[in-house]
Amino acid sequence: MNDMTSTEPLAAEAVADLRTGLETGMLAFARSLQISEGLFSARAGNDPDAVAVPVLVEEKGVRGQSAEDNAKNPGLSNPQVVDHACMPSGCSLLDLSFTLRVLPASAKVHASNSPVVAANYAEVARLYGELGGYRHLAALYVWNILNGRFAWRNRFQTDMATVTIKFAGYALTSTCLDLGLEEPAHIEEMASVVAAGNNDARAVLEKLIDGIAEGLRAKPFEADIVFTSSLKPGMEIWPSQEYIREEDRKDGKSRYYASLPCVHRGQILRQASMHSQKIGAAIRHIDIWHDNPNYGAIAVNPYGGVQETGEVLRSKATAPSFYDVRKKHDDLVVKLQAATSAAELDGSVHFFFSNLIRGGVFGGKDPAKAAEKAAAKKGKGK
């Protein structure tokens with residue numbers, strides 16, 4: 001005679017016991033790096049009291065040639081209307097400014113259907129923080145702020161550029177073009193390209209890293225950041241580009257730039273802007289653990305996708321994806337408990353937590369529900 005208790009669905013307590021890992025059906029983390037839209041403005045470089053004016057997005061007509069594959073009229077005129085932005089007359093300095101607010105969102109699940117899984121994330125985050133893991137990542141984020149990566153194409157328009165960061169009563173300025181974009185700069189290298197007025201530059205830089213680390217771990221932190229470059233009047237500026245569906249292109253334009261409304265000389269105009277997502281993608285170019293020699297630092301995302309080339313650097317055959325790391329909860333805990341500092345942790349651990357900082361919806365297979373279904377199926381079979 002069969003034991004009838006083995007054919008019944010698992011009790012609630014048994015289901016909860018199965019939720020000992022980091023996987024569950026509903027799981028989401030809020031972004032830890034909250035970034036404002038970036039605003040472009042310009043000013044006269046030879047006048048320290050000059051008032052900045054907004055860089056405007058305006059329309060212009062251009063006469064190009066049909067050059068696409070299988071063009072209907074190859075080589076013939078192809079008139080277009082496009083958005084355009086350039087340095088205003090009388091100005092020689094371009095500013096791209098935004099605000100960064102750092103929140104401890106990765107230390108706590110934003111939404112989950114499992115209290116036990118949520119508690120597991122809180123525990124591994126605590127262990128990572130105690131090892132100095134958040135400070136390790138904060139130094140990488142600071143590298144991408146100091147090097148001006150977030151200016152994207154505008155960074156390559158000039159031979160003279162700086163990044164100024166103001167926070168908690170301090171200010172420091174970097175000569176951003178002196179820092180590379182492929183390999184992270186060590187603290188000594190970053191300190192060598194920054195100035196902090198009458199304060200010790202190294203000490204202020206350490207305060208900035210500590211502030212961001214504390215923001216990631218426990219207490220919100222905020223900084224105002226400005227990329228400044230030397231440009232001549234009339235030179236083109238590159239805001240973010242809007243992606244408009246074909247059915248929504250009612251004005252016939254072939255290129256749309258991001259902009260925010262501003263009041264200038266009594267008129268409501270379009271001030272050129274950089275999407276917060278694009279700035280964020282630049283700052284999170286800290287995945288240096290993908291083990292692909294053809295790439296330097298790439299933006300953190302679960303599968304190591306590179307938008308520019310369409311290549312995926314993290315698959316089962318290459319470096320582990322976020323989900324591969326997450327499946328091995330016990331291994332993650334062992335690594336965190338065995339290490340005495342963040343420097344001893346392998347790249348997969350830093351990659352895991354940088355994804356939590358990035359935020360997103362990470363739901364997957366629910367082990368408890370899978371066990372319930374398996375038990376029910378087994379019961380029906382008998």
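At roughly what angle do the axes of helix H2 and helix H8 cross? Keep that in mind as you load the model, which is a predicted one.

**Start with the whole chain**

Show everything as a cartoon. You should find ten helices and 19 strands, spread over a chain of 382 residues, of which 46% are buried. Take contacts between residues at least 6 apart in sequence: 71% of them join residues at least 24 apart.

**Stop 1: H2 and H8**

Select residues 115-130 for H2 and 329-338 for H8. Here is the angle: the two axes cross at roughly 25 degrees, and they come within 9 Å. Angles under 35 degrees count as roughly parallel, so that is the label for H2 and H8. The crossing of this pair is left-handed.

Now turn on side chains where the helices touch. On the H2 side, pick Asn120, Val124, Leu127 and Tyr128. On the H8 side, pick His329, Leu332, Val333, Leu336 and Gln337. Colour them by type and you get six nonpolar residues, three polar ones and no charged ones. While you have the helices up, it helps to recall that an α-helix has 3.6 residues a turn, so residues three or four places apart point the same way.

**Stop 2: a three-stranded sheet**

Next, select E8 (111-112) and E19 (360-361), then add E1, residues 27-29. Together they form an open sheet, ordered E8-E1-E19, with antiparallel pairing. E8 and E19 stand at the edges with a single partner strand each, so one side of each has no neighbour in the sheet. Zoom in on E1 and E19, which are joined by two bridges. To see a bridge pair, click phenylalanine 29 and look across to glycine 360 in E19.

**Stop 3: E14 and its partners**

Go to residues 253-257, strand E14. Is it mostly covered or mostly uncovered? Mostly covered, with four of its five residues buried. Add E6 (residues 77-84), which pairs with E14 in the parallel sense over two bridges; valine 81 has lysine 253 of E14 as its bridge partner. Then add E13 (residues 241-242), which runs antiparallel to E14 and is also joined to it by two bridges. There, glutamate 242 stands opposite tyrosine 256 of E14.

**Stop 4: arginine 63**

Select arginine 63, in strand E5 (residues 58-65). Its relative accessibility is 70%, and over 50% counts as exposed, so arginine 63 gets that label. Which residues does arginine 63 touch, once its neighbours within four places in sequence are left aside? Show Ser77, Asn78 and Pro79 to see them. Try a distance label between the C-alpha atoms of arginine 63 and proline 79: the two are 16 residues apart in sequence but 4.3 Å apart in space.

**Last stop: H6**

Finish with helix H6, residues 276-283. Six of its eight residues are buried, so this helix is largely enclosed by the rest of the structure. Highlight the buried ones: Ser276, Ile279, Gly280, Ala281, Ala282 and Ile283.

What do these buried residues of H6 pack against? Switch on strands E2 (33-35), E3 (38-43), E7 (93-102) and E16 (267-274), along with helix H3 (133-146), and you have the surroundings of those residues in view.

Definitions and conventions
Residues are numbered from 1 along each chain as its sequence is written. This is a predicted model: local features need pLDDT of at least 70, side-chain atom pairs count only at pLDDT 80 or more; totals for chains, interfaces and linings use all residues. Side-chain values use heavy atoms; hydrogens and water are left out. Axes are lines fitted to C-alpha atoms, for helices over the stretch in contact, and angles run from 0 to 180 degrees between N-to-C directions. Angles under 35 degrees count as roughly parallel, over 145 as roughly antiparallel, 65 to 115 as roughly perpendicular and the rest as oblique. A crossing is left-handed if the near helix is turned anticlockwise from the far one by less than a right angle, and right-handed if clockwise. Contact means heavy atoms within 4.5 Å. Ala, Val, Leu, Ile, Met, Phe, Trp, Tyr, Cys and Pro count as nonpolar, Asp, Glu, Lys and Arg as charged, and the others, Gly among them, as polar. Two strands pair if DSSP finds at least two bridges between them. Buried means under 20% relative accessible area, exposed over 50%, partly exposed in between (1.4 Å probe, protein chains only).
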